[in-house]
Amino acid sequence: MKILVATDGSKNALRAVKYAADLLNNSTDKSKSITLISVHDDAGLRHAKAFVGKEAVLDYLRELSEKELKSAMKALDALGVKHNMVMLIGNASQEIVAEGQRGKYDMIVLGSKGRSAIADMLLGSVAQRVLTQAKQPVVLVK
């Protein structure tokens, strides 16, 4: 079983990581692994690229992803769960769904922010877009 877990460093994302680890630990599948994914959209940083350069922006986003993935990797290490990580740049929901397809994952797990339906309608929800676009099962963890 291959599980893709999206994380942004939040408490909800960490709960999703632990949920996925519990699923794998209770699985009898021999080839089980978790891939942590962190996605950052650089659209808002396009003007910054003109001043500091594309490489500086990419370095900043990579450092941000590493920081967000740190607690998730630490938790998986403590639980003895095999894992790796993917850091991508682009629209979060699109990149998560695309990675789910590319990596042929059995499941995608995300932490839910727990906003109201009205807030999600106004602001949009990565989780909601992943739910509607992904081909494999998607689990939201509160």
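Start with the buried residues of helix α1: select them and you will see them pack against β1 (2-6), β2 (33-40), α3 (54-79), β4 (107-111) and β5 (138-141). Keep in mind that what you have open is a predicted model.

**Stop 1: helix α1**

Now colour the buried positions of α1, which are Asn12, Ala13, Ala16, Val17, Ala20, Ala21 and Leu24. If you like a quick check on geometry, draw a distance between the end C-alpha atoms of the helix. Helix α1 covers residues 11-25, and its 15 residues at 1.5 Å a residue should span 21 Å. The end C-alpha atoms are 21 Å apart, so the model agrees with that expectation.

Next, pick alanine 16, which lies in this helix. Is alanine 16 buried or exposed? Its relative accessibility is 0%, and therefore it counts as buried. Show what surrounds it: beyond its neighbours within four places in sequence, alanine 16 is in contact with Val5, Val109, Leu110, Gly111 and Val141. Then add serine 112 to the view. Alanine 16 and serine 112 are 96 residues apart in sequence, yet their C-alpha atoms are 8.5 Å apart in space.

**Stop 2: the largest nonpolar core**

Nonpolar side chains tend to be buried together in soluble globular proteins. Here, the largest nonpolar core has 17 residues. To find your way into it, select Ile3, Val5, Ile34, Leu36, Leu76 and Val109, the residues with the most contacts inside this core. Which elements give two or more residues to it? They are β1, α1, β2, α3, β4 and β5. Helix α1 makes the largest contribution, with five residues.

There is also a second, separate core of 14 residues; to locate it, select Val86, Leu88, Val97 and Val130, which are among its members.

**Stop 3: along strand β2**

Go to isoleucine 34, in strand β2. With a relative accessible area of 0%, isoleucine 34 is buried. Leaving out neighbours within four places in sequence, its contacts include Val17, Ala20, Ala21 and Leu24, along with Ile3 and Val5. Also in contact with isoleucine 34 are Leu76, Val81, Lys82, His83 and Asn84. For one of these partners, valine 17, try a C-alpha to C-alpha distance: the two residues are 17 apart in sequence and 8.7 Å apart in space.

Step on to threonine 35, which is found in β2 too. Threonine 35 counts as buried because its relative accessibility is 2%. Beyond four places in sequence, threonine 35 is in contact with Ile3, Leu4, Val5, Asn84, Met85, Val86 and Tyr105. Leucine 4 is worth a closer look: it is 31 residues from threonine 35 in sequence, while the C-alpha atoms are 4.9 Å apart. Turn to tyrosine 105 as well, where the two side chains make a polar contact of 3.1 Å.

Finish this stretch with leucine 36. Not counting residues up to four places away in sequence, leucine 36 touches Val5, Val17, Leu69, Ala72, Met73 and Leu76, and also His83, Asn84, Met85 and Val86.

**Stop 4: around tyrosine 105**

Stay with tyrosine 105 and bring up lysine 2. What lies over the face of tyrosine 105? Lysine 2 does, at 4.8 Å from the ring centre. If you go looking for paired aromatic rings elsewhere, the count of aromatic pairs is zero when pairing requires ring centres within 6.5 Å.

Now move to lysine 104, in the loop between α4 (92-102) and β4. Lysine 104 is exposed, with a relative accessible area of 68%. Check its backbone too: phi is positive, about 50 degrees, although lysine 104 is not a glycine.

**Stop 5: strand β5**

For the last stop, select valine 139 in strand β5. Apart from neighbours within four places in sequence, valine 139 is in contact with Tyr19, Met107, Ile108, Val109 and Leu110. From here, draw a line back to threonine 35: the C-alpha atoms of the two residues, 104 residues apart along the chain, are separated by 15 Å.

Definitions and conventions
Residues are numbered from 1 along each chain as its sequence is written. This is a predicted model: local features need pLDDT of at least 70, side-chain atom pairs count only at pLDDT 80 or more; totals for chains, interfaces and linings use all residues. Side-chain values use heavy atoms; hydrogens and water are left out. Helices (H or I, at least four residues) and strands (E, at least two) are DSSP runs, numbered from the N terminus. The expected span of a helix is 1.5 Å times one less than its number of residues. Buried means under 20% relative accessible area, exposed over 50%, partly exposed in between (1.4 Å probe, protein chains only). Contact means heavy atoms within 4.5 Å. Rings of Phe, Tyr and Trp (its six-membered ring) pair if their centres lie within 6.5 Å; planes under 30 degrees apart count as stacked, over 60 as edge-to-face and the rest as tilted. A charge sits over a ring if NZ of Lys or CZ of Arg is within 6 Å of the ring centre and within 35 degrees of the ring normal. A nonpolar core is a set of buried Ala, Val, Leu, Ile, Met, Phe, Trp, Tyr and Cys residues joined through side-chain atoms within 4.5 Å. A polar contact is a pair of N or O atoms within 3.5 Å; within protein, one must be able to donate a hydrogen and the other to accept it, and residues adjacent in sequence count only if both atoms are side-chain atoms.
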